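Q: Please take a close look at a single part of this model, and explain the terms along the way.

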Amino acid sequence: MSISRRKFLGWVGAAGLSTTIGKSAAAATNKHFTGYPKSFAILHDTTLCVGCRSCEAACNKVNELPQPDKPFTDLSVLETKRRTTTKAFTVVNKYDNSKGPQSPVFYKKQCNHCLEPACASACFVRAFTKTKTGAVTYDSTVCVGCRYCMIACPFEIPTYEYDQALTPRIRKCTMCYPRVIEGLLPGCVEACPMEALSFGKREDMIKIARERFRKYPDRYVDHIYGEHEMGGTNWLYVSGTPFKELGMREDLGITPAPQLTAGALSSVPMIVGLWPVLLAGIYAVSKRKEKIAQTEQEQALTSALDKKRPAESETEEES
Amino acid sequence: MAQVTTAERKSIFSLFNLIAFIVLGVGVYLTYLRFSGGLASVTNLSDYNPWGIWISFDLLCGVALAAGGYVTSSAVYLFGMKKYHSAVRPAILTGFLGYALVFLAINYDVGRPWRLPYPLVVQQGTTSVLFEVGLCVATYLTVLFIEFSPAAMEWLGLKKARSLVVKLTILLTIFGVVLSTMHQSSLGALFLIAPSKLHPLWYSPYIPIYFFVTSIIAGLSMVIFESTLSHRFFAYKMDETHLQEANGVTLGFGKAASYVLAGYFAIKVLGISTENHWHYLTTGYGIWYLVELLGFVALPSLLYAFGVRTKSLGLIKFTSVLAVLGVILNRFNVSLVAFNWHLPSSERYFPHWMEIGISVFIVMIGLVLYRFIVTRMPILYEHPDYKDAH
């Protein structure tokens, strides 16, 4: 078979192209994804939060969640530490203030909407989508209910309807995606009476945070939580006390979650390609060994017979 | 030991039947509860602890302990160790049943089991390790079914179909090893995404390799362990070849397991060294880690070696139980004990008895199926019409 130069170049081109098309798992690249340009973010300034739970009430309303046992005006619930549940996509917790014991600190917890979400990377049916607005949305019509997203999420946010027999869903904050695309503010941001929550372009929110650090250096810890944590998030926090004291983890690192599994996944094609060759080789070697052993045995047998035969004939002659 | 009289056999089996009847009855009831009231009605799972023993035991241990199939078939068909030939069919059968039960268990665990094909046919989440696990386990279950099918075909007298499948042996074996390498390791890789939740002693970039290597240990040890059991209860089904080769299988597999355990011990120590996690060893978790590493890796490696050296079959058989328990302990440590170690004890998980009930129910289904098959199909003996053919 002759291969024309043209054909050869065509093949090379096709091979090259096939490596660029298709979705890459972002394996071992040196590209740093800094989020969709112009995606939105919410800045939570914990120094302004008074723990009034207005955001919780608004969240409950816009997401049409069931009414809680105690009304949102009851602030006694702040005495216990709460987490997100299927009935509350956001919760405000109260923490002691190491700087001023008389004035506790409040921190609002909800989905942080990672730039490269662990949940979306972990989902084997792509039920999560990182939208261009910055929101991480969830599609219950494809979800199998394996709960790997909950294992993967470093912030322990997704919750699951364990009490649903046939239609359990993952529940979490949507960053009010349906409202935002209509030009409305997220429910919690709109409801906050203290302007502890600001909504805008992520770059702008980072600038605002830095501006506050510059203006009031004594008031803040010089760190924007969420700027780089787990590769960055679309929910940003500034605080007057170390974030650790607000129950936020400072040991998460800045590696986006998809990168944690990319290496292992990238070895898959190599196993598929090389293992059969290796195994077939081992099979061939053992087969050949067997064959050689067999021929040697046969040879040994014939030579033994050859030796024996003349001896036999000699004895015959003697007799 | 092998010479159990018919009367004794009957009494053992009637006791077994009674227990099986009770376990299956309770299991059916728990199944009803699970699918009428949701996971909350039978499990202690929570938003902090989304995976319980159905993942730790039924999936992670189940897949590891079913590794005997690929380990034995590759030893015999690819590496040319023909003297272990009689061990292939029982190993393939237990592998096939193991994976089938893993699949059954997954149906209890996921929220909407009828959507399990969705990742393949609706939307592919190719960035997910779980996608690879699902794809490989589904494919490998099919491969094991085909590998097992000749025994059923001999039983049913389907000669033509059987000879067709037997021709595929080498191909299927290679397929089996490739798929097993991928999903055994990927079960470990599932946890790579959660470095902030798994204790550093168990979290390692090498965890996929650890899981793969331990699957070999589990596979080898399970073959020894299962053969011990089947000699006790089904010796009357075994033919001359099987009985003659059995001691050789125990010695050979024990030797191999000793070596693999030693290698695994080495890579575990290297893992601690490269991450420089020595200082954790003095903590409570560190002591627990040492229990696993010394008591269930180093010790069985030495005991296997000693047993092989002194040709002590009893010791090897005992060690196989120890090694299997070691792999189970490892899977539980990774997925439960050392997972969520940062949470206060009030937020930690302990299984509900009904979760354990479902797991026991599923194991019991396996035992019943195993008995049904080995008492009917040519697993522990060669079918007289197909001598030297499988």
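A: The answer below begins with one strand and then turns to the chain around it and to the contact between chains.

This is a predicted model, in which local features need pLDDT of at least 70, side-chain atom pairs count only at pLDDT 80 or more, and totals for chains, interfaces and linings use all residues. Residues are numbered from 1 along each chain as its sequence is written, while chains are lettered from A and ligands numbered from 1 in the order in which they are written.

Strand β9 of chain A covers residues 235-238. Helices (H or I, at least four residues) and strands (E, at least two) are DSSP runs, numbered from the N terminus. From β9(A), A:Trp235 and A:Tyr237 point one way, whereas A:Leu236 and A:Val238 point the other way. All of these residues are buried, a term that requires 20 or more other C-beta atoms within 10 Å of a residue's own, with C-beta atoms placed from the backbone.

β9(A) pairs in the parallel sense with strand β1 (residues 40-45) of chain A, over 4 bridges; pairing requires that DSSP finds at least two bridges between two strands. Within β9(A), A:Leu236 is the bridge partner of A:Leu43.

Chain A as a whole has 9 helices and 9 strands, and 37% of its 319 residues are buried. Two residues are in contact if their C-beta atoms, placed from the backbone, lie within 7 Å. Of the contacts in chain A with a separation of 6 or more, 64% involve residues 24 or more positions apart.

The contact between the chains takes 51 residues from chain A and 45 residues from chain B. On the side of chain B that touches chain A, the largest share, 7 residues, comes from α8(B).

Note on methods:
Buried ≥ 20, exposed ≤ 12 C-beta atoms within 10 Å, placed from the backbone.
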